[in-house]
Structure formats: C-alpha cells, structure tokens
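Please take a guided tour of the structure shown below, moving from the overall fold to the metal site and then to the empty spaces.

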Amino acid sequence: MTTKLTWLGHGSWSIETTGQKILLDPFFSDSPTSPIKVDQAMADFILVSHGHFDYVADAAVIAKRTGATVVAIYEICDWLSRVHGVEKTEPMNLGGSIQLPFGRVKMTPALHSSTLPDGASGGNPGGFLLTLSTARIYFACDTALFSDMKLHAAGVDLAVLPIGDRYTMGPDDALEAVKLIQPKRVIPSHYNTWPPIEQNAQAWADRVRRATSAEPIVLQPGESATL
Ligand code: NI
C-alpha cells in the first residue's frame with residue numbers, strides 16, 4: 001500500500017491512498033499553473049484550509065459534481081452548504097481530529113487570514129496533519145512561521161510548506177520551519193503561481209540539504225511523490 005501525492009500547482013494537492021482520492025485546496029479554474037481542468041478533478045474528500053478565493057473557488061463545483069465530502073473549519077462548511085448547496089461536509093475546528101476512511105485528519109493552526117470571497121467570515125485559517133497507513137503528512141497550508149509547528153508536526157514523514165513569500169512564509173522562514181519540524185522529507189508549495197510569489201525552489205532545496213537532515217523534494221505541477 002502506498003500513498004501518491006501529486007502537486008496540482010499553487011497550494012493544491014491530490015492524495016491517493018487506500019483507494020480514496022483526496023484533494024487539498026483545489027484551485028484549477030483560475031490557476032495559471034494547474035495541470036488539470038476543474039471538470040477533470042475527481043475526489044472522495046476535499047480538504048479546505050481557509051477561505052481565500054484560490055482555496056474555495058473550485059471546492060464547491062467539484063464537491064457538487066463528484067459528491068465528495070468537504071472537510072473544513074465549521075464556518076467554511078456552513079458557507080459551502082448555505083451559499084453553494086454542497087451536501088456533504090465534515091465541519092471541524094483547530095486542534096480537532098476526525099477519523100475518515102483513509103486515515104485521521106487533524107486541523108492544525110495557521111497564521112494567515114480567512115475571509116471568504118463574498119466577504120463572509122471563513123473562521124480561522126488552518127493546516128492539516130494527516131495520519132495515513134503509510135505516512136504522517138503535515139500540510140502547513142498558507143501560514144507564517146510559528147514555533148508551535150514543532151508541537152503539531154515534529155518528525156512527520158513529510159512536511160509540505162509554503163515558500164512563496166509575500167502572502168505566506170518565504171524561503172528563509174520555511175527553512176526555519178524545517179529545522180523546527182525535522183520532517184523526514186519536505187516539499188515546497190505555494191510558489192511560482194504568479195510573479196509576486198516567484199521563488200527558486202531548487203536553491204531552497206539546496207539550503208535545506210545543507211542545513212537539515214530532511215530530504216527536500218521539488219516537484220513541478222503534475223508531478224508526484226510516493227510515500
Ligand atoms: Ni490564503
């Protein structure tokens with residue numbers, strides 16, 4: 001049994017494990033780097049970390065077409081149900097965990113903002129810690145660096161960290177996050193979607209290799225890593 005993790009550009013990920021397909025923060029319609037179209041996306045579960053347009057825009061469309069269950073903070077689940085008619089949701093909140101068919105999902109804090117596209121409150125932004133049969137994976141999602149990352153994700157098999165800067169951690173703080181978390185492997189995310197968040201991921205990976213014992217993996221949109 002393996003877990004296949006595919007970068008779908010920006011902060012979007014596909015996770016295939018135990019016969020289930022999970023999308024994290026799907027952003028395809030308006031993403032210049034998405035390798036797939038929104039009508040090609042398949043999912044059993046959709047995890048949404050916060051309420052920004054680049055994170056919720058396609059979640060409702062995909063959930064309604066596929067019948068996928070949306071996992072998000074209470075406010076976002078409520079908004080997706082009320083405003084977009086999404087039928088299946090698993091509302092949760094920071095610090096809580098739920099058991100799903102593919103593994104355990106814990107919502108971790110993130111330092112960011114979370115207003116929904118129509119101005120409604122998206123509650124607090126979060127990240128996700130997934131405990132799967134093959135691996136523990138920490139998705140920091142959109143966030144600044146904070147020292148409690150160590151409490152939430154120490155020693156995970158894989159950390160997925162933003163490096164884009166401006167709206168999230170940049171390369172320097174993401175390197176500090178690797179030192180705090182000490183993951184076995186680390187994959188950079190949330191960069192090169194648009195010029196304001198352009199970064200040299202290979203240069204960052206070289207710094208990670210020199211300064212930590214984590215193995216950095218740099219993917220192109222559409223490429224996968226196996227755990
Ligand atoms: Ni955001």
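**The whole chain**

Begin with the entire protein chain in cartoon representation: its secondary structure comes to 6 helices and 14 strands. The model is predicted. The radius of gyration of the protein chain is 16 Å, close to the 17 Å given by the globule rule for 227 residues, so the chain is as compact as a globular protein of that length. Turn the view along the principal axes, where the C-alpha trace spans about 50 × 40 × 30 Å. Colouring by accessibility brings out the buried residues, which make up 54% of the 227 residues in the protein chain.

**The nickel site**

Next, select the nickel ion. Which atoms coordinate the nickel ion? They are NE2 of His50, ND1 of His52, NE2 of His112 and OD of Asp142, at 2.2 to 2.3 Å. Angle labels among the 4 donor atoms would run from 89 to 180°, and the site is irregular. In sequence, the donor residues follow the spacing H-x1-H-x59-H-x29-D.

Keep two of these donors, His112 and Asp142, on display and show the backbone around them. His112 belongs to the loop between β8 (103–109) and β9 (126–131), while Asp142 sits in the loop between β10 (136–139) and α4 (149–153), so the pair ties together parts that are 30 residues apart in sequence. Are these two donors buried or exposed? His112 has 25% relative accessibility and therefore counts as partly exposed. Asp142, at 2%, counts as buried.

**The largest pocket**

Now select His10, His52, Phe53, Asp54, His112, Asp142, Tyr167, His190, Trp194, Pro196 and Ile197, the residues that line the largest pocket. Three of the names in this selection, His52, His112 and Asp142, are already familiar as donors to the nickel ion. The space within the largest pocket is about 180 Å³. Colour its lining by residue class to find 5 nonpolar, 4 polar and 2 charged residues.

**The cavity**

Finish with the enclosed space. How many cavities of 30 Å³ or more does the structure hold? There is 1. The volume of the largest cavity is about 70 Å³. To centre the view there, select Gly11, Trp13, Cys141, Val160 and Ser189, the closest to its centre of the 13 lining residues. Then highlight strand β11 (residues 158–162), which contributes the largest share of this lining, 3 residues. By class, the lining of the largest cavity comprises 8 nonpolar, 3 polar and 2 charged residues.

Conventions. Residues are numbered from 1 along each chain as its sequence is written. This is a predicted model: local features need pLDDT of at least 70, side-chain atom pairs count only at pLDDT 80 or more; totals for chains, interfaces and linings use all residues. Side-chain values use heavy atoms; hydrogens and water are left out. On a 1 Å grid over the protein atoms alone, a cavity is a set of points where a 1.4 Å probe fits but cannot get out, and a pocket is an open set with protein on both sides within 12 Å along at least five of seven lines; lining residues have an atom within 4 Å of a point. Grid points are joined across faces, edges and corners, and a volume is the space filled by probe spheres set on the points. Ala, Val, Leu, Ile, Met, Phe, Trp, Tyr, Cys and Pro count as nonpolar, Asp, Glu, Lys and Arg as charged, and the others, Gly among them, as polar. Helices (H or I, at least four residues) and strands (E, at least two) are DSSP runs, numbered from the N terminus. Donors are N, O and S atoms within 2.8 Å of the metal (3.2 Å for Na, K and Ca); water is not among the atoms, so sites may look incomplete. Four donors count as tetrahedral if all angles lie between 85 and 135 degrees; four count as square planar and six as octahedral if opposite donors are over 155 degrees apart and all others between 65 and 115; anything else is irregular. Buried means under 20% relative accessible area, exposed over 50%, partly exposed in between (1.4 Å probe, protein chains only). The radius of gyration is taken over C-alpha atoms; the globule rule is 2.2 Å times the number of residues to the power 0.38.
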